[in-house]
Amino acid sequence: MGGADTGQGPGAPADYILETRGLTREFGGFMAVRDVDLRVRRHTIHALIGPNGAGKTTVFNLLTKFLTPSGGTISYNGRDVTTVGPAAMARLGMVRSFQISSVFANLTVIENVRVALQQKLGTSLHFWRPKRSLYSLHARADELIEWVGLETYRDVLAGDLSYGRRRALEFATTLALEPELLLLDEPMAGLGHEDIARIADLIRRVSQGRTVLMVEHNLDVVSNLSDRITVLTRGSILAEGGYAEVSQNPAVREAYIGGAHA
Ligand SMILES: Nc1ncnc2c1ncn2[C@@H]1O[C@H](COP(=O)(O)OP(=O)(O)OP(=O)(O)O)[C@@H](O)[C@H]1O
């Protein structure tokens, strides 16, 4: 991550996986998001922060197609996807955590991951090879469970997992969809110290060879993980840059002091 190396050398145009132009959303005349030009560079961890009510969730919902923009465009891998729906976006590789929000409490860890993998298979035209698919599906499920560190909980019901482990399981089911761009909505919400460290480590590992865009309130996490940060206030971009730069910006400090907390 670090220098967001796109392998294109200095002076080459940056490689943006996701770009918005003039992204706007009104709610009954109130501009929750106003003219946002957001650019997310491939293979970086990009954080969207801002005080309460800044419009982060609305931007997130616009990007993940849970809301329709009132104006502006969204492009993904250079293609205009403004009117593409959430399921089609997932097939294109842009996956919202926890898209299958459904970690099913009454299924075990392994069963949950298999369901996610089957969902992926169902969308990828391999249905005529059930036996082979099933074999690779079992192997892949075990691999994902190990990857998120849940191998000793393989046969435990998801509903019996601790909050942090359940989030790890959500990562496994999200990864089953093979995202190219992963959108994380407050991945640390509700987690204690130890779980935060574990999930931060997972996000860092997940980001290898992928792009992560996250809305996150925990500024320690943001400063540790992010290559780039966009600060929103009152629906618009106030500042953008690395953590050191953004956190020293007087306008950002002012916005945070004016608006309760991150
Ligand atoms: N469905 C809606 N109808 C009307 N107003 C809305 C709606 N959704 C969001 N808003 C308003 O838009 C503004 C931005 O809200 P949003 O939830 O995007 O902010 P946020 O930065 O995610 O805030 P928080 O950090 O508190 O979650 C707020 O003033 C909110 O009240």
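**View 1. Here are the residues around the ligand in this predicted model.** The shell, meaning residues whose C-beta atom, placed from the backbone, lies within 6 Å of the ligand, holds Phe27, Phe30, Ala32, Gly50, Asn52, Gly53, Ala54, Gly55, Lys56, Thr57 and Thr58. Two elements, β2 (30-36) and α1 (56-63), each give two or more of these residues. Helix α1 gives the most, with three. (Helices and strands are DSSP runs numbered from the N terminus: H or I over at least four residues for a helix, E over at least two for a strand.) Sorted by type, the shell has four nonpolar, six polar and one charged residue. In that sorting, Ala, Val, Leu, Ile, Met, Phe, Trp, Tyr, Cys and Pro are nonpolar, Asp, Glu, Lys and Arg are charged, and the others, Gly among them, are polar.

**View 2. Let's zoom in on helix α5, residues 163-175.** Its 13 residues should span 18 Å at 1.5 Å a residue, and its end C-alpha atoms are 18 Å apart, so the two agree. (The expected span is 1.5 Å times one less than the number of residues.) Ten of the 13 residues are buried, so to speak mostly covered: each has 20 or more other C-beta atoms within 10 Å of its own, while 12 or fewer would make a residue exposed and anything in between partly exposed. Among the buried ones are Arg166, Glu170 and Phe171.

**View 3. Now for the largest nonpolar core, which has 67 residues.** A core like this is a set of buried Ala, Val, Leu, Ile, Met, Phe, Trp, Tyr and Cys residues joined through C-beta atoms within 7 Å. Val59, Val113, Ile145, Leu169 and Ala172 touch the most other members. Leaving aside residues up to four places away in sequence, Ala172 touches Val113, Leu144, Ile145, Trp147, Val148 and Leu150; touching means C-beta atoms, placed from the backbone, within 7 Å.

**View 4. Over in helix α7 (residues 219-225) you'll find Asn224.** Asn224 counts as partly exposed because it has 15 C-beta neighbours inside 10 Å. Asn224 and Tyr243 are 19 residues apart in sequence, and their C-alpha atoms are 8.7 Å apart in space.

**View 5. Finally, how confident is the predictor in residues 1-7?** Their pLDDT, the predictor's confidence in each residue from 0 to 100, stays under 50. The whole protein chain averages 87.

**Notes.** Residues are numbered from 1 along each chain as its sequence is written. Local features need pLDDT of at least 70 and side-chain atom pairs count only at 80 or more, but totals for chains, interfaces and linings use all residues of this predicted model.

Key
Contact = placed C-beta atoms within 7 Å.
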